[in-house]
Amino acid sequence: MNAQLATAVPPRRWRPSPLVAGSIALHGLAGVGALLAPASWPWALGAIAADHALLGAVGMWPRNSWLGPNVTRLPAASRARGEIAITFDDGPDPEVTPRVMELLEARGFRATFFCVAERAREHADLCREMARRGHGVENHSLAHRATFALLTLGGIRREVAGAQAALAQSSGTAPRFFRPPAGVRSPLLDPVLHELGLTLVTWTRRGFDTREGDAALVASRLLRGLAAGDILMLHDRNSARAASGAPVALEVLPRLLDAARSAGLTPVPLHEAIAR
Ligand SMILES: [Zn+2]
């Protein structure tokens with residue numbers, strides 16, 4: 001027997017979360033019920049409509065794990081090292097991203113960029129620079145569609161796998177983590193992430209910096225109860241403008257980094273904080 005084959009760990013099969021498994025079972029029961037007792041079809045249809053409404057509501061709530069695994073805090077080993085993760089979504093942006101990297105580098109810290117692959121193709125130099133400086137370049141979909149959670153299985157696969165290929169080409173390394181546009185997802189996302197070997201990462205807290213231009217308020221939302229293991233979310237594109245006219249994320253970041261340092265915490269990229 002080939003020794004390599006004998007010791008190889010078979011890839012873990014995708015298993016639905018209890019909520020999704022229950023939903024699949026409900027569809028089967030409703031179908032069988034409607035076949036055996038055709039007069040019951042309004043009940044079967046009602047049950048399926050209620051199930052879809054429940055799954056839709058759960059998908060709108062970014063931090064839950066009911067549709068599949070979802071990282072909202074760094075693991076214990078990382079927390080024990082006093083680490084936090086600062087993440088930037090929607091870039092790269094030729095104006096903001098280089099300044100984010102400068103602010104991080106001035107304090108000796110690194111972060112994670114959840115990039116939109118279509119932007120990354122336009123600014124491949126920025127993605128290469130992120131990777132060269134040790135930041136994380138991760139997957140935030142191909143085109144950041146507002147309808148991402150409504151796509152078919154094939155549509156989700158195209159958005160996630162297409163971004164995976166484009167980002168690997170731009171940065172030189174394949175992403176390990178995925179964050180859906182606006183954090184909104186459907187039950188069809190988890191099997192696609194499993195197939196591509198990606199882990200869903202949302203956040204511990206977000207600053208709502210795309211809507212809020214007050215840097216003190218955005219920083220206070222992110223820093224409330226700051227502790228080891230926190231995953232904080234900002235934007236290096238689409239950030240609201242502060243009173244100074246600068247993107248508010250650029251005014252918030254130095255406050256975050258200084259607060260982390262005072263608390264004895266170290267911002268690191270997700271790929272260092274989360275073991276394979
Ligand atoms: Zn986004």
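# Pockets, a covered strand and backbone exceptions

The largest pocket has a volume of about 360 Å³, and because the coordinates come from a predicted model, this value, like those that follow, is computed from predicted atom positions. The lining of the largest pocket comprises 18 residues, and those lying nearest its centre are Arg12, Leu193, Gly197, Leu198 and Thr199. Two elements, helix 9 and strand 5 (199–200), each give at least two residues to this lining, with the largest share, four residues, coming from helix 9. Sorted by class, the residues around the largest pocket are ten nonpolar, three polar and five charged.

The second largest pocket has a volume of about 270 Å³. It is lined by 16 residues, and the ones closest to its centre are His52, Leu55, Gly56, Ser186 and Pro187. Helix 2 (18–36) and helix 3 (41–59) are the elements that contribute two or more residues to the lining of the second largest pocket. Its lining divides into nine nonpolar, six polar and one charged by class, whereas the lining of the largest pocket holds five charged residues.

Enclosed space can be considered next. The count is one cavity of 30 Å³ or more, and the largest cavity holds about 40 Å³ of space. Its lining is made up of Leu67, Gly68, Pro69, Arg185, Leu189, Asp190, Leu193 and Leu200, a set that divides into five nonpolar, one polar and two charged residues. Helix 9 (residues 189–196) supplies the largest share of this cavity lining, with three residues, and helix 9 also gives the largest share of the lining of the largest pocket. Leu193 appears in both places, as one of the residues that line the largest cavity and as one of those nearest the centre of the largest pocket.

From these spaces we turn to the chain as a whole. It contains twelve helices and eight strands. Its radius of gyration is 21 Å, close to the 19 Å that the globule rule gives for 276 residues, so the chain is as compact as a globular protein of that length. Taken along the principal axes, the box filled by the C-alpha atoms is roughly 70 × 60 × 40 Å. Of the 276 residues, 46% count as buried.

Within this chain, how many residues of strand 1 (residues 83–89) are buried? Seven of its seven residues are buried, and the strand is accordingly described as mostly covered. The burial extends to both faces of strand 1, with Glu83, Ala85, Thr87 and Asp89 on one side and Ile84, Ile86 and Phe88 on the other.

The pairing of strand 1 can be followed from one partner to the next. Strand 1 and strand 8 (residues 266–267) run parallel and are joined by two bridges, and here Ile84 stands opposite Pro267 in strand 8. Strand 7 (residues 231–235) also runs parallel to strand 1, to which five bridges join it, and Ala85 of strand 1 stands opposite Ile231 in strand 7. With strand 2 (residues 112–115), strand 1 pairs in the parallel sense over three bridges, and Phe88 is the residue that stands opposite Phe113 in strand 2. Between strand 1 and strand 2 the chain crosses through helix 5 (residues 96–106), and this β-α-β crossover is right-handed.

The loops hold some backbone features that deserve a closer look. Most residues other than glycine have a negative phi, and most peptide bonds are trans. Against that background, the peptide bond from Gly91 to Pro92 is cis, with omega near 5°. Pro92 lies in the loop between strand 1 and helix 5, and thus on the path by which the chain crosses from strand 1 through helix 5 to strand 2.

Where are the residues other than glycine with a positive phi, His144 and Phe208, found? His144, with phi near 55°, is found in the loop between strand 3 (136–139) and helix 8 (153–171). Phe208, whose phi is likewise positive and near 55°, is found in the loop between strand 6 (205–206) and helix 10 (215–223). His144 counts as partly exposed because its relative accessibility is 25%, which falls between the limits of under 20% for buried and over 50% for exposed. By the same limits, Phe208 is partly exposed, with a relative accessible area of 30%.

Key
Residues numbered from 1 in each chain as written. Predicted model: local features only at pLDDT ≥ 70, side-chain atom pairs only at ≥ 80, totals over all residues. Heavy atoms only, no water. 1 Å grid on protein atoms, 1.4 Å probe; cavity = no way out; pocket = protein on both sides within 12 Å on 5 of 7 lines; lining within 4 Å. Points joined across faces, edges and corners; volume = space filled by probe spheres on them. Nonpolar A, V, L, I, M, F, W, Y, C, P; charged D, E, K, R; others polar. Buried < 20%, exposed > 50% of the residue type's maximum accessible area, 1.4 Å probe, protein only. Pairing = 2+ DSSP bridges. Right-handed = clockwise from strand over helix to strand, strands pointing away. Rg over C-alpha atoms; globule rule 2.2 N^0.38 Å.
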